[in-house]
Each structure stands twice: as C-alpha cells, then as structure tokens.
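This note sets out some points for a colleague to consider while reading the model. They concern chain contacts, the nonpolar interior, one helix pair and a few individual residues.

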Amino acid sequence: LIENAKGMRKEPTEAEGFLWQQLRNKNLDEKFRRQHLIEDFIVDFVCLSKGLVIEVDGGIHDAQQEYDEQRTLILNEKGFKVIRFKNEEVEQDINQVLTTIKNKIEQLKEK
C-alpha cells in the first residue's frame, strides 16, 4: 500500500493535483497530507490534526459507490470525517470546494 500511495502521489488526477496545490498554498491553518495511508486505505488528502479526510472522486467511483460508502463508514468509525468531491467540482469551482473544507475544519474545531 505504501508503494501504491507513493505512485499515486507522483501521478495524481488533474483534479487531485489542482486541489493539492490549493491546500498547500492556501492558508487553511492546518497541515494536509496527500495519498496518505490510514490502515488499509489510501485516502486522497487528510488533515490528521482534525481527523478530516478529503476524497476526490473521478469516473471510476461511479462503478464503486458501494465500496466508497463502506470505506466512508469504516473511516467514520475510526474517528475520521470524510468529505467527497467530484472531479468536476474541484475543476470548476475550487473556491466553493475550499469554502466547504474551511467550514468543516471550523466545525471540527468547535467540538
């Protein structure tokens, strides 16, 4: 899994690469990791200090919705909150995506 994660970091989808640049360069006051291993899963992005997982779903996810739902449930049980975005959302309205992430971080700070 670690080798798969390293490979995925080197060859992100266009949307993942775009979001990563925004997470790295925008001041969200939190550190994010990309293609990070959480037990048996490689998540697209995670803010470990807040337990926030961000997933960017492309075309392959249309065929694996049940798997993604199960994966989200397992991550929730382990204390992570999961936000999912479609590639198109990231590519077409990055400001709304970042606002959603900021709002979730604020909610998690209040707990």
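1. Of the contacts in the chain that join residues at least 6 apart in sequence, 61% link residues at least 24 apart. The coordinates come from a predicted model, and every value in this note should be read accordingly. The chain has 111 residues, of which 41% count as buried.

2. The secondary structure comprises five helices and four strands. Read from the N terminus, the order of the elements is α-α-β-β-β-α-β-α-α.

3. The largest nonpolar core contains 20 residues. Those with the most contacts inside this core are Leu-19, Leu-23, Phe-32, Leu-52, Ile-54, Val-90 and Ile-101. Two or more residues each are contributed by α2, β2 (41-47), β3 (52-57), β4 (81-86) and α5. Helix α5 supplies the largest share, six residues. There is also a second, separate core of eight residues, among them Ile-38, Val-43, Val-53 and Phe-80.

4. Leu-23 merits individual inspection. It is one of the residues with the most contacts inside the largest core. When residues up to four places away in sequence are not counted, Leu-23 touches Leu-28, Phe-32, Phe-45, Leu-98 and Ile-101.

5. How do helices α2 and α5 lie with respect to each other, and which residues join them? The axes of α2 (residues 14-25) and α5 (residues 94-110) come within 11 Å and cross at roughly 55°. An angle of this value is neither under 35 degrees nor in the range 65 to 115, and the two helices are therefore oblique to each other. The crossing is right-handed. On the α2 side the contact is made by Phe-18, Leu-19, Gln-22 and Leu-23, and on the α5 side by Ile-94, Val-97, Leu-98 and Ile-101. By class, these contact residues divide into seven nonpolar, one polar and no charged. Leu-23 thus appears here as well as in the list for the largest core, and the same holds for Leu-19 and Ile-101.

6. Two residues deserve attention for their backbone angles. Most residues other than glycine have a negative phi. Gln-35, which is not a glycine, has a positive phi of about 45°. Glu-39 likewise has a positive value, with phi near 50°.

7. Are these two residues buried or exposed? Gln-35 is placed in strand β1 and counts as buried, because its relative accessibility is 2%, below the 20% limit. Glu-39 is in the loop between β1 and β2; it counts as exposed because its relative accessibility is 52%, which is over the 50% limit.

8. Lys-31 lies in the loop between α2 and β1 (33-38). With 57% relative accessibility, Lys-31 counts as exposed. Leaving aside neighbours within four places in sequence, Lys-31 is in contact with Val-46, Cys-47 and Leu-48. Lys-31 and Leu-48 are 17 residues apart in sequence, and their C-alpha atoms are 7.8 Å apart in space.

Notes
Residues numbered from 1 in each chain as written. Predicted model: local features only at pLDDT ≥ 70, side-chain atom pairs only at ≥ 80, totals over all residues. Heavy atoms only, no water. Axes fitted to C-alpha atoms, helices over the stretch in contact; angles between N-to-C directions. Parallel < 35°, antiparallel > 145°, perpendicular 65-115°, else oblique. Left-handed = near helix turned anticlockwise from the far one by under 90°. Contact = heavy atoms within 4.5 Å. Nonpolar A, V, L, I, M, F, W, Y, C, P; charged D, E, K, R; others polar. Buried < 20%, exposed > 50% of the residue type's maximum accessible area, 1.4 Å probe, protein only. Core = buried A, V, L, I, M, F, W, Y, C linked by side-chain atoms within 4.5 Å.
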